[in-house]
Amino acid sequence: MDELDRGILAHLAQDARMSVAVLARRLKVARSTVQARLERLETSGSIAGYTLRLGDSAREHRIRATCMVNIEPRAQAAILTRLRSLPEVERIHTTSGRVDLLLQLAAVSTSQLDDVLDQIGGLTGVKSSESLIHLSTKLDRAT
């Protein structure tokens, strides 16, 4: 990946709907060059897809939380299957720290969040969990 590829990714991270023509103009290269690079970035897996990022107004009525989960050995596969079925679970990360799984949750109310946390804590193989409710976002570089 060279500087041009990084430039393409940086521009698309800010606006995934940016046209190839606009990308080419901003990066000062030919449109065909940008198109070829995009195809290569997609084929190589550097670009996994194009998605919608919700703005603050669409997210303002959602309560977000992080849930740190410790699980029993060899229970991960079954727990992951069950967590994927919960619509409030947006992301699941494995970790190398003191917890086994780090979950990103979103709910429309505190009672819905409470219910999903109870469901997570009640899963067979879950030893313990701890949750942190997100109050405000000071920086979001996620793409």
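A nonpolar core is taken here as a set of buried Ala, Val, Leu, Ile, Met, Phe, Trp, Tyr and Cys residues joined through side-chain atoms within 4.5 Å. The model examined is a predicted one. Its largest nonpolar core has 20 residues. Val-69, Ile-79, Leu-83, Leu-101, Leu-103, Leu-105 and Ile-120 have the most contacts inside this core. At least two core residues come from each of β1 (63-71), α5, β3 (101-107) and α6 (110-121). Apart from this core lies another, of 12 residues. Leu-27, Val-34, Leu-38 and Leu-41 are among its members. In soluble globular proteins, nonpolar side chains tend to be buried together.

Leu-103 illustrates the contacts made by a residue of the largest core. Neighbours within four places in sequence are set aside here. Leu-103 then touches Ala-65, Thr-66, Cys-67, Val-69 and Leu-83. Arg-91, Ile-92 and Ile-120 are also in contact with Leu-103.

The strands form an open, four-stranded sheet. Its order is β2-β3-β1-β4, and the pairing is antiparallel. β2 and β4 (126-133) are the edge strands, each pairing on one side only. On average, neighbouring strands are turned by 20° against each other, direction ignored. Five bridges join β2 and β3 in the antiparallel sense. His-93 has Leu-102 of β3 as its bridge partner.

Two helices lie across this sheet. α5 crosses β1, β2, β3 and β4. The angle between α5 and β2 is about 160°. α6 lies across β1, β3 and β4. Its direction is at about 150° to that of β3.

Seven salt bridges are present in the structure. One of them joins Asp-2 to Arg-37, with the closest N and O atoms 2.8 Å apart. This pair links distant parts of the chain, 35 residues apart. Asp-2 lies in the segment before α1 (3-14), and Arg-37 in helix α3 (residues 31-44). Asp-2 is partly exposed, at a relative accessible area of 32%.

Arg-40 and Asp-5 form another salt bridge, with a closest N and O distance of 2.5 Å. Here helix α3 supplies Arg-40 and helix α1 supplies Asp-5, again 35 residues apart. Arg-40 is partly exposed, with 43% relative accessibility. Asp-5, by contrast, is buried, with a relative accessible area of 1%.

Glu-90 and Arg-62 meet in a further salt bridge, at 2.4 Å from N to O. Glu-90 belongs to strand β2 and Arg-62 to the loop between α4 (56-59) and β1, so the pair ties together parts 28 residues apart in sequence. Both side chains belong to partly exposed residues: Glu-90 has a relative accessible area of 32%, and Arg-62 has a relative accessibility of 27%. Elsewhere, salt bridges that share partners join Asp-2, Asp-5, Arg-37 and Arg-40 into one network.

Glu-88 is a buried residue without a salt bridge. Its nearest side chain of opposite charge is that of Arg-62, 9.6 Å away. A salt bridge requires a side-chain nitrogen of Lys or Arg within 4 Å of a carboxyl oxygen, so the pair does not qualify. Glu-88 is found in the loop between α5 (76-84) and β2 (89-94). Beyond residues up to four places away in sequence, Glu-88 touches Gln-104, Leu-105, Ala-106, Gln-112 and Val-116. Of these, Leu-105 is listed with the residues that have the most contacts inside the largest core.

Terms used: Residues are numbered from 1 along each chain as its sequence is written. This is a predicted model: local features need pLDDT of at least 70, side-chain atom pairs count only at pLDDT 80 or more; totals for chains, interfaces and linings use all residues. Side-chain values use heavy atoms; hydrogens and water are left out. Buried means under 20% relative accessible area, exposed over 50%, partly exposed in between (1.4 Å probe, protein chains only). Lys and Arg count as positive and Asp and Glu as negative; His and the chain ends are not counted. Contact means heavy atoms within 4.5 Å. Two strands pair if DSSP finds at least two bridges between them. Axes are lines fitted to C-alpha atoms, for helices over the stretch in contact, and angles run from 0 to 180 degrees between N-to-C directions.
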